[in-house]
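Thank you all for coming. I would like to take a few minutes to walk through one structure with you, starting from a single residue and working outward.

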Amino acid sequence: MTDLEQRVKDYADAYYRGEEIISDAEYDALVKQLRKEHPESDFFKGEILGDDLKGISKKYKLPITMNSLAKCNTEEEMLDWWNKHPHTNILAELKIDGNSQCLCYKNGQFVQSLSRGNGVYGEDSTANVSRVQGVIKSLPVKHDFTGEIRGEVNMTRSIFDKYFKDSGKKNPRNMAAGIMGRLDGSDCDKLQFIAYDVFDANNTVDTTEIRKLKFLEENGFTIPEFKINPSFEEILEWKNSLTNKSEIPCDGIVIKQNVTDKADLMKLVPVNNVAFKPNLEKACTKVKQIAWSMRGTRLSPVIWIEPVELEGTTVVKASVSNINKMKRLGIYEGAEVIVSKHGMIIPQIDLVVNPKPDAFEVPRVCPVCGEPLTITDTGTFPECTNPNCARKIAHKYLRMFGILGILGTGRAFVAELEEQGIGYPAFFEMLDKGPSDVLNEYAGGINGEKIFVQMNNARKQPITPAKFLALFDYDGLAEKQFQKLGNLELKDMLKLSEEDLKGMKGIGAETAAAMIDFFNKDMEEILIVSKYFDIKVMEVSAEDSDKPTVCFTGACPGYSRKELAELARGKYTVMDGVNKDLNILVCADPNSGSGKLKKAESLGIKLMSYDDFLATLNL
Ligand SMILES: [Zn+2]
């Protein structure tokens, strides 16, 4: 690969990650130069980007982020929104369910179309979109318009029935998505574009929603059905009339403030606009089997049902969150049940037609080690508490590799250790023997070798007693808890009594009892393993322990979880779950009133929107 190729590739990757290293103009100039110097470069075939980027040579930053709206699924949620937000100068609009596109115009001429992508970066879709019905290439009325026109590419029910009924696709929506993904543009002429939004570079058209729709209509675009200042009852009636069999695929009613607030629209989840979703499609089916799957040391129920069509997909299993919920539902094998797709993704059991209490069996023994299971304190899950259970072993290894930053520790490797029943002391003994003979034999080839080298490097680095104790993965005891023991040597930590512990700042009775239990049970193992590490008391900088803890929930448009964690580093400590050590829970909509958020609030955790959170980072 030439230097230039490498540079272009790096910039393209950075674009994809959402980092602006160079301007679009500079990037375009480099690509142009590369095309001139190496027209045969793999770059133009899209092959030298990572696997997941195949075929994409560039992600385009969308002129205005395409956000998702807050959603109300039930009448109560709708009414709640209605009472809390302005609704005297509004527009209610049919929400078209299609493929979102941003059409860019320069002096009245269509120049490019970008797909929604991740909401911040889209992909060029000009070739296919140009063929779609209703995409106006040259605006007849406002010749000087420069800006973007937003809309949805979709397929009508009658076109679907006429041409694609036997295509294997279950509905017009899936069919349209399939056609938009084709590289040859075939059948794009059977799709239509419905426009609903305008962003005007000169700020003349886009001041109110009514003006925007009028502008679109004058220029020949098809616009969605809308009502000006409807009453709550009118919207409710309209929403209830929507079905998944309508001519134009739709998934609800959007309520927009008539006077456009661009600042609000730029937020990840705009505050004053909302989508009222249609009633969920429900289906009746039968429970075939109640199975249990093991996650970590806990077993959770999986309900296998007779296949049923729901929202265009075939559903074969549904979830019920835990044993208590199963009891409340009165579920059992062979029961007739009503299922629906909450959030359109995970099918859920809503109702058992003939409920029977306690007519299902909870497993009594661990499927991995065969020891009796205990039910968690809250009565929600059966759990294996056998410290020698292979599952526990796997969890412990994954925890240790995570803490020490050992890479390449795939689950397969850990599964191997689990299967061989290799616990901690045995594993560390192997490390002292040499890479190829023992570790490879047990833990497989190159992977074993990699782990061996990394583990031996890691254990030469000094480690604090708190971090060392966290390696043992005792439930509920992480490094943060052990740090509260202060700057003690490991041997002094192990001597602490329950009374000593309770007297320490930040350690409650529960944590004290857990530590004592941990020390009692694992003392021998702790002492053996400690010989393999360079354990050193190191002053914990006040700054480090004072960092607020943060946890993310729900999707953040434009950033993956990994990217968020990366951004937060330095200013926050990122946590995986909600517990009493958490300071801030970041979510799409802090006012959604969901159960998880309410629980967090009751623990005194601060709720924050993704917008506000990103603002604290001063990016
Ligand atoms: Zn077990």
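Leaving aside its neighbours within four places in sequence, which residues is valine 153 in contact with? Before answering, I should say that what you see is a predicted model. Once those neighbours in sequence are set aside, valine 153 is in contact with Gly98, Asn99, Gln101, Val129, Val132, Ala176, Met180, Leu191 and Phe193.

Val153 also belongs to the largest nonpolar core, which has 45 residues, and is listed there with Val132, Ala176, Leu191, Ala195, Leu216 and Ile255 as having the most contacts inside that core. Among the elements that give two or more residues to this core are the strands β4 (99-106), β7 (147-154) and β8 (192-200), together with the helices α6 (172-180) and α7 (209-218). Apart from this core lies another one, of 26 residues, which includes Ile393, Tyr397, Ala466 and Ala470.

Let us turn to the sheet. Four strands, in the order β5-β4-β7-β8, form an open sheet with antiparallel pairing. Because β5 (109-115) and β8 stand at the edges and have a single partner strand each, one side of each is left without a neighbour in the sheet. On average, and ignoring direction, neighbouring strands of this sheet are turned by 30° against each other.

If we look at one pair within the sheet, β7 and β8 are joined in the antiparallel sense over eight bridges, and asparagine 154 stands opposite glutamine 192 in β8.

Finally, the helices: α6 lies across β4 and β7, running at about 120° to β7, while α7 lies across β7 and β8 and runs at about 130° to β8.

Conventions: Residues are numbered from 1 along each chain as its sequence is written. This is a predicted model: local features need pLDDT of at least 70, side-chain atom pairs count only at pLDDT 80 or more; totals for chains, interfaces and linings use all residues. A nonpolar core is a set of buried Ala, Val, Leu, Ile, Met, Phe, Trp, Tyr and Cys residues joined through C-beta atoms within 7 Å. A residue is buried if 20 or more other C-beta atoms lie within 10 Å of its own, exposed if 12 or fewer, and partly exposed in between; C-beta atoms are placed from the backbone. Two residues are in contact if their C-beta atoms, placed from the backbone, lie within 7 Å. Two strands pair if DSSP finds at least two bridges between them. Axes are lines fitted to C-alpha atoms, for helices over the stretch in contact, and angles run from 0 to 180 degrees between N-to-C directions.
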